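Subject: Structure handover

Hello,

Here is the structure for you to take over. My notes on what turned up follow below.

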Amino acid sequence: MMKIKVKGIAPYQGLRDLLLKVAGEDSRFSIDVEIADLEKALPLVLKAEEQNYDVIVSRGGTASFIRKHVSIPVVDIPVSGYDILRVLTLIKDSNSRLAIIGFPNICQGAVTVSSLLDFEIPIYSIDHESEVRDTLKKAVKEGAQIVLGDVVTVNTAQEMGHHGILITSGIESIQEMFAEVKRIHDIYVRGNEKAQFFQYIVNNFPIGTLVFDKKGSIQYMNDSIKQWIGNLEVLPSDLDFLLKVNGIQKDSIHFEHVLINNISYHLKSVPNGENVLIYLEPNKSPYMSEFDMVQMPEQISSFAQIMGSSDKITKTIKRAKAYAKTNKLVWISGEVGTGKSSFAEAIHSASSRNIGRFFRVACQSISEGKLATELFGTETKLGLLRIPSNDTLYLEAIDKLSVWFQERLANELRKGSNLRIISSSSVPFKTLLNDTTFHQELLHLIGEYQLVIPPLRERTEDIEEIARVLIAKHNSIYGKQVVGIREEVLSQLVEYQWPGNLKELENIIGELLALAKGHYIGKEEWNLVWERYSFTKEISTSSPIIDLKRTWDQIEKQIIEEVLKEEGMNQSRAAKRLGISRATLWRKMQ
């Protein structure tokens, strides 16, 4: 029997794994699965037509998008009642307010399942993906903190600074979909010459090519253009100038230079009836250079994404929100992994500068020579601190800068800057006040306001809520349907001291999810993960052997290292045990 050649487009990793697993159990199928969502799937499915696939399978909005661009059949992966039941079971005890945003098939099932669970949850039905953003705004306005839905709902929620939980498809839904594939296998014809023609252009034309009509609707774009401006259907507002380029409204070919995303291009426009062909090639001598060593995150965190309802984290968020309303320079301190970067991004998002850019500089990872060029500039390049902008500069691990760099930064800030600077350090602000190796004037210049992020061990009541969100995140990564953590495992998570804070918690939850076999994380998975930690604990609690033949400096160093390990790298407790101040301890550590 001839195999059914299936191309799978999975919006998330876990769905890909399930498709491969179920198809592998049926000899009728030959399947290839790639991960893509919405318009990012277009080049993959156009190629699938060229390669003579019989059927394309995908889910939700991605399946609907693919169906508009191919001639071969596209079969939807449904969202079953089991899928909705699993995610509602996971979050029904959450302290956060929940809402479901989805197409009618999801909402109808959610109404039934939530009724059976005796669980009230606001449900917002949509008919098109374009409605998601406005519907999400309405749900948030009405109190929703976490939204459940399809991939487009979750992605939109994250773009708007809110938490989204994906309703994943389980094995029952995959089996139902493959039954449908068998039924319609012989109905549709293979191939599409138009797809082959466009693929030929993509493969053989090295210059960026964009075709749009005079209203701005994009008819075609090759891979180069997609990399430069994104995969779009309509020209965005910041590219409206292309409609007004000299010559476009005339029947003549036109050349000029344009600036897109701060990069200069040679532009050639060729009118062709109702359409306009634009050819773009990067200018080898751009008049506006990019900042090579400075990161600009694609998505900026918001306060809504900082999880926890404990008294400590609530007060910290309240203080940070108040700082965001000002233009003061903020110093953020906290242990490694507490989320200092997230707070810096959230302050920017909630400030009047949120329409500007957020620059992130990892002071510990960049050579000071290159960093000086980026911040202070050269004779031929304008430094970041001198650009006339309304942006935010985040200096991460600023305590790692050398004394000479601190002096130069202080001199530059005395002159004034349009940038708002947020700094962070794992060394407390008060400690550096007593440290003569840190430039004291700089400390006061950039530390007008101070924010201290509490370590996870001081807000253990947040662990269950944070773990719930992490489980939902890793469910989509591993294709699992885990809905909770057993009480005996949760108590172990609460008792642990978390020297690595939130990052360590995410690593452990991810490992537990990878090992999980059922719907709950239990003692079996925990014991496998805890073996490493109990071994480390056994080593750290054993009596250290002090070599009295060493010098006093060597003995003192060993004692400090052992006490820090025993106190989970908590400098306050270690200093108290050693009978010295935290400032003294920090200087000895250096």
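Helix 4 (81-91) is the top contributor to the lining of the largest cavity, with four residues. Bear in mind that this is a predicted model. Helix 4, strand 8 and helix 17 each supply at least two residues of that lining. The volume of the largest cavity is about 90 Å³. Its lining comprises 14 residues. Nearest the centre are Val 87, Leu 90, Leu 166, Thr 168 and Asn 475. By class, the lining holds eight nonpolar, three polar and three charged residues.

How many cavities of 30 Å³ or more does the structure hold? There are two. The second largest cavity has about 40 Å³ of space. Its lining is made of Ile 91, Ser 94, Ile 146, Ile 165, Met 307, Glu 465, Arg 468 and Val 469. Five of these are nonpolar, one is polar and two are charged. Here helix 17 gives the most, with three residues.

**Second largest pocket**

Helix 17 turns up again here. The second largest pocket contains about 1,700 Å³ of space. It is lined by 49 residues. If you want a starting point for the centre, the closest residues are Ser 301, Gln 305, Ser 342, Lys 473 and Glu 506. Several elements give two or more residues to this lining:

- helices: helix 7 (151-159), helix 12 (340-349), helix 17 (463-478) and helix 19 (501-515)
- strands: strand 8 (163-166), strand 16 (392-396) and strand 17 (420-425)

Helix 17 gives the most, with seven residues. The class split of the lining is 19 nonpolar, 19 polar and eleven charged.

**Two positive phi values**

Most residues other than glycine have a negative phi. Two residues here go against that. Ala 397 is not a glycine, yet its phi is positive, at about 55°. Ala 397 sits in the loop between strand 16 and helix 14 (403-414). Is Ala 397 buried or exposed? Its relative accessibility is 13%, so it counts as buried.

Asn 501 also has a positive phi of about 55°, and it is not a glycine either. Asn 501 belongs to helix 19. At 0% relative accessibility, Asn 501 counts as buried.

**Helix 18**

Which residues of helix 18 (487-495) are buried? Val 489, Leu 490 and Leu 493 are. They lie on the same side of helix 18, because they cover an arc of only 100° around the axis. The general rule behind such patterns is that an α-helix has 3.6 residues a turn, so residues three or four places apart point the same way. The face of helix 18 turned away from the buried side carries Glu 487 and Glu 495, both exposed.

**Open sheet**

One open sheet has four strands, in the order 2-1-3-4. The pairing is parallel. Where are its edges? Strand 2 (29-35) and strand 4 (74-76) are the edge strands, and each pairs on one side only. On average, neighbouring strands of this sheet are turned by 25° against each other, direction ignored.

Strand 1 (4-10) and strand 2 run parallel and are joined by seven bridges. For one of the pairs, take Ala 10: its bridge partner in strand 2 is Ile 35. As background, strands of a sheet pair through backbone hydrogen bonds, either parallel or antiparallel.

**Val 140**

One last residue. Val 140 lies in helix 6 (132-141). Its relative accessible area is 26%, so Val 140 is partly exposed. In sequence, Val 140 and Arg 97 are 43 residues apart. In space, their C-alpha atoms are 9.4 Å apart.

Best wishes

Methods. Residues numbered from 1 in each chain as written. Predicted model: local features only at pLDDT ≥ 70, side-chain atom pairs only at ≥ 80, totals over all residues. Heavy atoms only, no water. 1 Å grid on protein atoms, 1.4 Å probe; cavity = no way out; pocket = protein on both sides within 12 Å on 5 of 7 lines; lining within 4 Å. Points joined across faces, edges and corners; volume = space filled by probe spheres on them. Nonpolar A, V, L, I, M, F, W, Y, C, P; charged D, E, K, R; others polar. Buried < 20%, exposed > 50% of the residue type's maximum accessible area, 1.4 Å probe, protein only. Arc of directions from axis to C-beta. Pairing = 2+ DSSP bridges. Axes fitted to C-alpha atoms, helices over the stretch in contact; angles between N-to-C directions.
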